[in-house]
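Here is a short note for a colleague who has not looked at this structure before. The points are numbered so that each can be checked against the model in turn.

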Amino acid sequence: MDMIERAAKAIYESRNGARCKPWSIQTKAHKEPYFADAFAAIKAMYEPTDAMASNPMATCYNYGPYGDSDTAT
């Protein structure tokens, strides 16, 4: 399962709750909106934030384990 399908499945399960029908039995047509949402979400993660754009070295090397910048220099 590739990253977009993993994200689509997670979105499906999140929106439909624990008692939803299994992802594996859903039709391609039913999955398409979830794939579109997953693709958009993953694409957005590739776009740098303002903090990344203003100080790219800090985001690569100096951020803490949880993405906090208090350890950045």
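What percentage of the residues of the chain count as buried?

1. Burial and surface. Of the chain's 73 residues, 16% count as buried. Please keep in mind throughout that this is a predicted model. The chain exposes about 5800 Å², and 57% of that area is supplied by carbon and sulfur atoms.

2. Overall layout. The chain contains 4 helices and 0 strands. Followed along the sequence, the pattern reads α-α-α-α. As for contacts between residues at least 6 apart in sequence, 32% of them join residues at least 24 apart.

3. The core. In soluble globular proteins, nonpolar side chains tend to be buried together. Here the largest nonpolar core has 8 residues, namely Ala-7, Ala-8, Ile-11, Tyr-12, Trp-23, Tyr-34, Ala-38 and Ile-42. Two or more residues of this core come from each of α1 (3–16) and α2 (28–46). The element that gives the most is α1, with 4 residues.

4. Ile-11 within the core. One core member to look at is Ile-11. Setting aside neighbours within four places in sequence, Ile-11 is in contact with Tyr-34, Asp-37 and Ala-38. Of these partners, Tyr-34 and Ala-38 also belong to the largest nonpolar core, while Asp-37 takes part in a salt bridge described under point 9.

5. Tyr-12 and its surroundings. Where does Tyr-12 lie, and is Tyr-12 buried or exposed? Tyr-12 is found in helix α1, and Tyr-12 counts as buried because its relative accessibility is 3%, under the 20% cut-off. Not counting residues up to four places away in sequence, Tyr-12 touches Cys-20, Lys-21, Trp-23, Gln-26, His-30 and Tyr-34. With one of these residues there is also a polar contact: the side chain of Tyr-12 reaches the backbone oxygen of Lys-21 at 2.6 Å. Another, Tyr-34, is 22 residues away from Tyr-12 in sequence, yet the two are 6.3 Å apart in space, C-alpha to C-alpha.

6. Aromatic pairs. How many aromatic pairs does a search of the whole structure find? The search finds 4. In one of them, the rings of Tyr-12 and Trp-23 have centres 5.5 Å apart and planes at 55 degrees, so this pair is tilted. Tyr-12 lies in helix α1 and Trp-23 in the loop between α1 and α2, so the pair ties together parts that are 11 residues apart in sequence. Trp-23 counts as buried, at 4% relative accessibility.

7. Trp-23 and Phe-35. The ring of Trp-23 also pairs with that of Phe-35: the centres are 5.8 Å apart and the planes are at 50 degrees, so this pair is tilted. Phe-35 is in helix α2 and Trp-23 is in the loop between α1 and α2, so parts 12 residues apart in sequence are tied together. Phe-35 counts as partly exposed, at 28% relative accessibility. Ring pairs link Tyr-12, Trp-23, Tyr-34 and Phe-35 into a cluster.

8. A salt bridge inside α1. The structure holds 2 salt bridges. In one of them the side chains of Lys-9 and Glu-13 meet, at 3.2 Å from N to O. Both residues lie in helix α1, 4 residues apart, which is about one turn of the helix. Lys-9 counts as partly exposed because its relative accessibility of 27% falls between the 20% and 50% cut-offs. Glu-13 is likewise partly exposed, with a relative accessible area of 34%.

9. A salt bridge between helices. Which parts of the chain does the pair of Asp-37 and Arg-15 link? The side chains of Asp-37 and Arg-15 meet in a salt bridge at 2.8 Å, N to O. This pair links distant parts of the chain, with Asp-37 in helix α2 and Arg-15 in helix α1, 22 residues apart. Asp-37 is partly exposed, at a relative accessible area of 30%. Arg-15 has a relative accessible area of 52%, over the 50% cut-off, and therefore counts as exposed.

Definitions and conventions: Residues are numbered from 1 along each chain as its sequence is written. This is a predicted model: local features need pLDDT of at least 70, side-chain atom pairs count only at pLDDT 80 or more; totals for chains, interfaces and linings use all residues. Side-chain values use heavy atoms; hydrogens and water are left out. A nonpolar core is a set of buried Ala, Val, Leu, Ile, Met, Phe, Trp, Tyr and Cys residues joined through side-chain atoms within 4.5 Å. Buried means under 20% relative accessible area, exposed over 50%, partly exposed in between (1.4 Å probe, protein chains only). Contact means heavy atoms within 4.5 Å. Accessible areas come from the Shrake-Rupley method with a 1.4 Å probe; for residues, only the protein chains shown count as cover. A salt bridge is a side-chain nitrogen of Lys or Arg within 4 Å of a carboxyl oxygen of Asp or Glu. Rings of Phe, Tyr and Trp (its six-membered ring) pair if their centres lie within 6.5 Å; planes under 30 degrees apart count as stacked, over 60 as edge-to-face and the rest as tilted. A polar contact is a pair of N or O atoms within 3.5 Å; within protein, one must be able to donate a hydrogen and the other to accept it, and residues adjacent in sequence count only if both atoms are side-chain atoms.
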